[in-house]
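Please examine the sequence and the model shown here. An explanation in running paragraphs accompanies them.

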Amino acid sequence: MKGTERKMKHALLRSIVVPVLTRIGTALGAYLVAKGLDGDLADQLINGCIAIVLVACDLVAGKLAGPSQEAV
């Protein structure tokens with residue numbers, strides 16, 4: 001039963017969530033290009049995106065490490 005649930009979750013993730021996130025990213029990019037944002041704002045946006053990605057990587061790595069690793 002658990003294998004079937006895992007396959008279903010994976011199928012939902014692959015067929016619904018990923019395309020939605022891709023389209024949101026494309027829409028945001030198109031909006032920002034159309035808006036014509038200046039260099040300073042673009043730098044702040046990139047810095048914020050990098051920070052979000054790094055925090056997400058840290059959270060994923062912590063989850064993969066499991067409960068045996070204690071937070072310092």
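The paragraphs below proceed from the chain as a whole to its helix α1, a surface patch and the cysteines.

The model is predicted. The chain contains two helices and zero strands. Of its 72 residues, 0% are buried. The accessible surface amounts to about 6,700 Å², and carbon and sulfur atoms account for 69% of that area.

Helix α1 spans residues 2-35. With 34 residues, α1 extends 47 Å between its first and last C-alpha, close to the 50 Å expected at 1.5 Å a residue. Along its course, α1 bends by about 35 degrees at Leu13. Just after α1, Gly36 adopts a positive phi of about 70 degrees.

The residue at the bend, Leu13, also belongs to a nonpolar surface patch of about 810 Å². The other contributors to this patch are Met8, Leu12, Ile16, Val17, Val18, Val20, Leu21 and Ile24. In an α-helix there are 3.6 residues a turn, so residues three or four places apart point the same way. Leu21, one of the residues of the patch, lies in α1. Is Leu21 buried or exposed? Leu21 is exposed, because its relative accessible area of 56% is over the 50% cut-off.

The cysteines complete the picture. A disulfide is a covalent bond between the sulfur atoms of two cysteines. The structure holds zero disulfides. Cys49 has a relative accessible area of 40% and is therefore partly exposed. Cys57, with a value of 47%, is likewise partly exposed.

Definitions and conventions:
Residues numbered from 1 in each chain as written. Predicted model: local features only at pLDDT ≥ 70, side-chain atom pairs only at ≥ 80, totals over all residues. Heavy atoms only, no water. Helix = DSSP H or I, 4+ residues; strand = E, 2+ residues; numbered from the N terminus. Buried < 20%, exposed > 50% of the residue type's maximum accessible area, 1.4 Å probe, protein only. Areas by Shrake-Rupley, 256 points an atom, 1.4 Å probe, with all protein chains shown as cover. Patch = residues over 30% accessible without salt bridge, like charges linked within 9 Å, V, L, I, M, F, W, Y side chains within 5 Å. Salt bridge = Lys/Arg side-chain N within 4 Å of Asp/Glu carboxyl O. Expected span 1.5 Å × (residues − 1). Bend = angle between axes of the 7 residues up to and from the residue. Disulfide = S-S within 2.5 Å.
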